[in-house]
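Here is a set of short exercises to work through with the model open beside you. Try each task yourself before reading its solution.

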Amino acid sequence: MSGVGPVEPGEDTRARDTPRPRPRRPLARRYDRHRRTVLASTAALVVLAGGGYLYASRPKPPPAPPPPYPSQAVDLAYVSPVAGSPGAPAGGFRFAVLLSVRSGPPVTLTRLAQPYDGLSVTSSPAAPFQTKSHSSRKIVVTLRVTECEKAPRNPGLPFLDVTLRNARAIQAHSFILGTRYAQDLSQALEVACSNDSG
């Protein structure tokens with residue numbers, strides 16, 4: 001066989017019957033017309049779903065630690081007696097303390113008291129007042145003898161009770177102000193009560 005042209009079936013062979021194409025349904029025809037749009041939309045949805053999953057499953061940063069309790073962030077230190085202050089009551093002892101806030105949010109001193117029945121206490125500034133973080137505030141405390149019988153004669157380790165509040169908690173705490181405060185308080189009480197009895 002030689003020549004140019006279409007291949008023809010040989011002897012005793014028949015061409016296979018090729019099936020006629022079936023008519024396509026409307027949905028298939030529409031898909032054929034919009035194939036690129038459908039594929040691009042499907043790819044965009046897959047990318048968005050994957051990105052959303054990755055965003056939702058990303059590791060969360062650890063929460064910030066809570067601020068310290070107010071008693072852990074505050075120091076209260078005895079400074080000295082305040083002598084000759086105008087307005088000092090008779091039978092009273094006036095002294096200065098230093099309230100320092102080392103860290104955390106501002107701390108509010110809501111109450112200042114002492115444990116002895118025979119004494120009353122006032123402060124300047126009067127409670128409540130706030131002290132900012134990393135700062136100090138001088139407080140002048142006045143103890144006044146109300147009943148000598150109930151006042152301590154020789155307090156060993158006297159303390160001040162304070163109620164502190166910050167963003168985390170409200171705490172009542174007792175601060176021991178040291179031996180110098182104990183000696184000065186003891187002397188003041190002795191003078192006040194010896195004048196009272198005389």
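The exercises below go from the whole chain to its sheets, its core and a pair of helices.

**Before you start.** The model is predicted, so local features need pLDDT of at least 70 and side-chain atom pairs count only at pLDDT 80 or more, while totals for chains, interfaces and linings use all residues. Residues are numbered from 1 along each chain as its sequence is written, and side-chain values use heavy atoms, with hydrogens and water left out.

**Exercise 1. Take stock of the chain.**
Task: find how many helices and strands the chain has, and in what pattern they follow.

Solution.
- Step 1: count the elements, where helices (H or I, at least four residues) and strands (E, at least two) are DSSP runs numbered from the N terminus. The chain has 4 helices and 8 strands.
- Step 2: read along the sequence. The pattern is α-α-α-β-β-β-β-β-β-β-β-α.
- Step 3: look at burial, where buried means under 20% relative accessible area, exposed over 50% and partly exposed in between (1.4 Å probe, protein chains only). Of the 198 residues, 27% count as buried.
- Step 4: turn to contacts (heavy atoms within 4.5 Å). Among those between residues at least 6 apart in sequence, 66% join residues at least 24 apart.

**Exercise 2. Lay out the sheet that holds β1.**
Task: work out the strand order, and which strands stand at the edges.

Solution.
- Step 1: pair the strands; two strands pair if DSSP finds at least two bridges between them. This gives an open sheet of 4 strands in the order β1-β2-β6-β4, with antiparallel pairing.
- Step 2: find the edges. β1 (74-81) and β4 (119-124) each have a single partner strand, so one side of each lacks a neighbour in the sheet.
- Step 3: follow the twist, which averages 30 degrees from one strand to the next. For angles, axes are lines fitted to C-alpha atoms, for helices over the stretch in contact, and values run from 0 to 180 degrees between N-to-C directions.
- Step 4: zoom in on one pair. β1 and β2 (residues 92-101) are antiparallel over 7 bridges, and L76 stands opposite L99 in β2.

**Exercise 3. Do it again for the sheet that holds β7.**
Task: give the order of this sheet, then say why β3 and β7 are largely enclosed.

Solution.
- Step 1: the order in this open sheet of 4 strands is β5-β3-β7-β8, with antiparallel pairing.
- Step 2: β5 (129-131) and β8 (170-176) are the edge strands; each has a single partner, so one side of each is left without a neighbour in the sheet. The twist here averages 35 degrees from one strand to the next.
- Step 3: walk across the pairs. β3 and β5 share 3 bridges, with L109 opposite F129 in β5. Next, 5 bridges join β3 to β7; T108 has R165 of β7 as its bridge partner, and A113 has D161.
- Step 4: β7 and β8 pair over 7 bridges and form a hairpin with 4 residues between them. Here L160 stands opposite F175, and L164 opposite Q171.
- Step 5: check burial. In β3, 5 of the 7 residues are buried, so the strand is largely enclosed by the rest of the structure. For β7, 5 of the 7 residues are buried too, so β7 is likewise largely enclosed.

**Exercise 4. Explore the core.**
Task: find which element gives the most residues to the largest nonpolar core.

Solution.
- Step 1: a nonpolar core is a set of buried Ala, Val, Leu, Ile, Met, Phe, Trp, Tyr and Cys residues joined through side-chain atoms within 4.5 Å. The largest has 30 residues, and those with the most contacts inside it are L76, F93, F95, L109, L143, L177 and Y181.
- Step 2: list the suppliers. β1, β2, β3 (107-113), β6 (135-145), β7 (159-165) and α4 (179-197) each supply at least two residues, and α4 gives the most, with 6 residues.
- Step 3: select L177. Leaving aside its neighbours within four places in sequence, L177 touches L76, A77, Y78, F95, V97, P158 and L160.

**Exercise 5. Describe a helix pair.**
Task: state the angle at which α1 and α2 pack, and which residues meet.

Solution.
- Step 1: α1 (residues 26-33) and α2 (residues 35-56) pack at about 80 degrees, with their axes 4 Å apart. That makes α1 roughly perpendicular to α2. (Angles under 35 degrees count as roughly parallel, over 145 as roughly antiparallel, 65 to 115 as roughly perpendicular and the rest as oblique.)
- Step 2: Y31, D32 and R33 in α1 meet R35, V38 and L39 in α2.
- Step 3: sort these contact residues: 3 are nonpolar, none polar and 3 charged. (Ala, Val, Leu, Ile, Met, Phe, Trp, Tyr, Cys and Pro count as nonpolar, Asp, Glu, Lys and Arg as charged, and the others, Gly among them, as polar.)
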